[in-house]
Structure formats: C-alpha cells, structure tokens
Amino acid sequence: MKRKLLVPAALVCALACAVATRASAQGIPADDRIAEAVSRWISLPAPAGSEDIAAARLKAALPGWTRDAVGNLLRTVGSGTPRRVIACALDVSSYAVSEITDQGYVRLHRAGAAPPHPLWDQALEAQRVRIFTAHGGENGVLGVGAIFNGHFAQQHRADTTVIGVDQIWIDVGASSRADAEKLGIALLDPVIADRPAWTYEGYAAGPAAGARAGCAAVATAAQGTVASGETVFILAAQHVMNWSGLNGALARLGRYDDLTLIGAVRGGRGAPPTKSIVPRTRFTGSLVESISAADARDLLARTASAAGV
C-alpha cells in the first residue's frame, strides 16, 4: 500500500509570506500557514546517512541551493567579510535494516545517537514505518506495521519491561526472506516512522519540531539579501553522527568568522559554534514536540539577524 508523501513545493514561500502578514485581523490565518509550513518540514523524510531523499525534494523547491558529496545542502549569499555560517540539522532519528528473518520479518538497528527518551523505540509498536530501498522510489516501498514478537509479549505481559529496538519485528506482509527481498528490501536500507504532517491550534508538532523549524528558518533567511559580507547557509546532514556532515562542510569551506547553529545545540566533536539559537518548544524531546507560529516567527527573525539579512 502506497501513500504519497507531501512534497515541500512552497514551504519557504508559505513561511515567508505568513511571517510578513502582521495585521491582527489576519493573525489567525497567518499562524495557520506558518504551522502548516513547519509541519511539512517536520514530516520531511531525512534518515541519517540518507538525507538525499529529502535533499532531492528540497532542491526542487529551493532554487540556488547545491548538494555536496555527503548530503549537505548549501547556499551562499553575498561576498567579502565578515564570513558567516548559518546551519541547522537536516537529518532525524532513524533506523536501518539489520536483518531479514527466514519468516520475512525485518529487524532494525538504530542509526546514530541514542533517542532522547527511553520509550522512543517502543512508540513503533503497531505503527507504520517506511523502508527506503534502492529501487523503491522517493516514497519507499510501502508503509508497514511495526510489531513486537508475540512470544516475548506473552512472557512479559504482566511486567513493565520497556520495549527497545531489539524487540521490534517489522511485518512487511512477507512470509519468507525471499518475499521480503522481492520487495527490494536489503540490509542497511534506511527506515523511518511513517507520520503525517500534524498541526493543532497554531502549533506544528512532531519529533524534532524545533530543529525542523530551524531549517525552515534557515531556508527562508537564505532568500534575503545580506547587508554586508558573505553568509553560507547549510542544511547539515548526519548531525546524529557527531555532526559529521557539518564538520566536512566547514573543513571544505576553510576560514569563517562566525558559526551559528539554528534549532539545536551542537554535540559531539568538531568546531564549537559561536552561538546557538534554540526555539521555544512544548513537550521538548518527545514524539509530539511542538512549536507555535509565534515562536517560529521569532526564530526566523533571530535567524535573519544572525545571518546579516
């Protein structure tokens, strides 16, 4: 069963136009447009190490951006000094196929850092996931149900054992390994939870909502004119792997005067940022992390100021 994913064809325009609408009489529609635009960014599939899935869609919607060898998207505006770098994390928490069993079930391994909450993996139970195969197209093979092993459930029904990724079996409708392989599924294929864009009462919600709102702000600010100097905007790949995508981009870039991370505080190895701009969010670090339209507007204003726009 296939379901067409939302392609972010006008995300940046929607956010920029909505932010420009300040009249109080039009405040509610503007907030709805901002929340809808950010929700499309939240639902954009960008599994760690396979950000090209999102990059292909974004390049079609964002003229003037280029993709480097590791999956970063970059746009340079202006020239001269000072030379600023404005970056955000494009990739999200994801999984990879680690095994296909003789019965046709798919087993998973977490890609990148540990999840922000101990129940993160357990949220896959009875939920759809999307497996991106080499020949499955931009939407993956199909959305499938995630289940845990029935024998395990019987043994632990009365206790409070937390279900981790090692106890998750993915049912793709196959009855054998050969059936699963006919669907194109192979080891190391990226896997993400299949969640729709979600808004409520002027909020956009979903995992890493603040980080994705940060990328929306970076992409929107990159449409502006830099008053002086040069600003390099980066939608960075592989941030869950010690920011390896951004580290590589900075190494190739060479000298810069200022590095600002939007939507996340940098962890792991590499050059520290000059500053970080972290948006206000509700239910931070959860599957329903939420950001309001007002906070998205504030995030864009701070991002534009840091970018010299």
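**Exercise 1. The contact between α6 and α8**

Task: In this predicted model, find which residues of α6 meet which residues of α8, then describe how the two helices pack.

Solution.

Step 1. Start with the residues in contact. From α6, the participants are Gly210, Ala213, Gly214, Ala217, Val218, Thr220 and Ala221. They meet Leu299, Leu300, Thr303 and Ala304 of α8.

Step 2. Now add the geometry. Two packed helices are described by the angle between their axes and the distance between the axes. Here α6 (residues 209-221) and α8 pack at about 50 degrees, and their axes lie 9 Å apart. That angle makes α6 oblique to α8, since angles from 65 to 115 degrees would count as roughly perpendicular and those under 35 degrees as roughly parallel.

Step 3. Finish with the hand: α6 and α8 cross in the right-handed sense.

**Exercise 2. A closer look at α8**

Task: Compare the span of α8 with the expected one, list which of its residues are buried, and say what follows the helix.

Solution.

Step 1. Helix α8 covers residues 293-307, which is 15 residues. From its first C-alpha to its last it reaches 21 Å, close to the 21 Å expected at 1.5 Å a residue.

Step 2. Look for the buried positions. They are Ala293, Asp295, Ala296, Arg297, Leu299, Leu300, Thr303, Ala304, Ala306 and Ala307. Leu299, Leu300, Thr303 and Ala304 from this list are also the α8 residues that meet α6.

Step 3. Move past the end of the helix. Gly308 follows α8 and has a positive phi, near 75 degrees.

**Exercise 3. The sheet of 3 strands**

Task: Give the strand order of the open sheet that contains β10, β11 and β15, and work out why β10 and β15 each have one side without a neighbour in the sheet.

Solution.

Step 1. The order is β10-β11-β15, and the pairing is antiparallel.

Step 2. Both β10 (198-200) and β15 (290-292) stand at the edges with a single partner strand each, so one side of each has no neighbour in the sheet. From one strand to the next, the twist averages 25 degrees.

Step 3. Zoom in on one pair. Strand β11 (residues 203-205) is joined to β15 by 3 bridges, and Tyr203 sits opposite Ser292 of β15.

**Exercise 4. The sheet of 6 strands**

Task: Trace the order of the open sheet that contains β3, then follow its pairings from β1 to β13.

Solution.

Step 1. The 6 strands are arranged as β1-β2-β12-β3-β13-β14, with mixed pairing. The edges belong to β1 and β14 (275-277), each with a single partner strand, so one side of each is left without a neighbour in the sheet. Helix α6 packs on this sheet, where it touches β3, β12 and β13, and its direction makes about 145 degrees with that of β3.

Step 2. Begin at β1 (residues 66-67), which pairs with β2 in the antiparallel sense over 2 bridges. Arg67 is opposite Leu73 of β2. The two strands form a hairpin with 5 residues between them, and Gly71 in the turn has a positive phi of about 105 degrees.

Step 3. Go on to β2 and β12, an antiparallel pair with 6 bridges. Gly78 faces Glu230 in β12 as its opposite residue.

Step 4. Next come β12 and β3, which run parallel and are joined by 7 bridges. Two places to check are Ala87 opposite Ile234 and Arg84 opposite Thr231.

Step 5. Finally, β3 and β13 pair in the parallel sense over 4 bridges, with Thr260 of β13 as the bridge partner of Ile86.

**Exercise 5. Burial in β3 and α7**

Task: Decide how many residues of β3 are buried, and find what covers the buried residues of α7.

Solution.

Step 1. In β3, 7 of its 7 residues are buried. Sort them by direction: Arg83, Val85, Ala87 and Ala89 point one way, while Arg84, Ile86 and Cys88 point the other way.

Step 2. Turn to α7 (residues 244-253). Its buried residues are Gly245, Leu246, Gly248, Ala249, Leu250 and Leu253. Their cover includes β2 (73-78), β3 (83-89), β12 (230-236) and β13 (258-262).

Step 3. Check the residue after the helix: Gly254 follows α7 with a positive phi, near 85 degrees.

Step 4. Set this against the protein, where buried residues make up 50% of the 309 residues.

Definitions and conventions:
Residues are numbered from 1 along each chain as its sequence is written. This is a predicted model: local features need pLDDT of at least 70, side-chain atom pairs count only at pLDDT 80 or more; totals for chains, interfaces and linings use all residues. Side-chain values use heavy atoms; hydrogens and water are left out. The expected span of a helix is 1.5 Å times one less than its number of residues. Buried means under 20% relative accessible area, exposed over 50%, partly exposed in between (1.4 Å probe, protein chains only). Two strands pair if DSSP finds at least two bridges between them. Axes are lines fitted to C-alpha atoms, for helices over the stretch in contact, and angles run from 0 to 180 degrees between N-to-C directions. Angles under 35 degrees count as roughly parallel, over 145 as roughly antiparallel, 65 to 115 as roughly perpendicular and the rest as oblique. A crossing is left-handed if the near helix is turned anticlockwise from the far one by less than a right angle, and right-handed if clockwise. Contact means heavy atoms within 4.5 Å.
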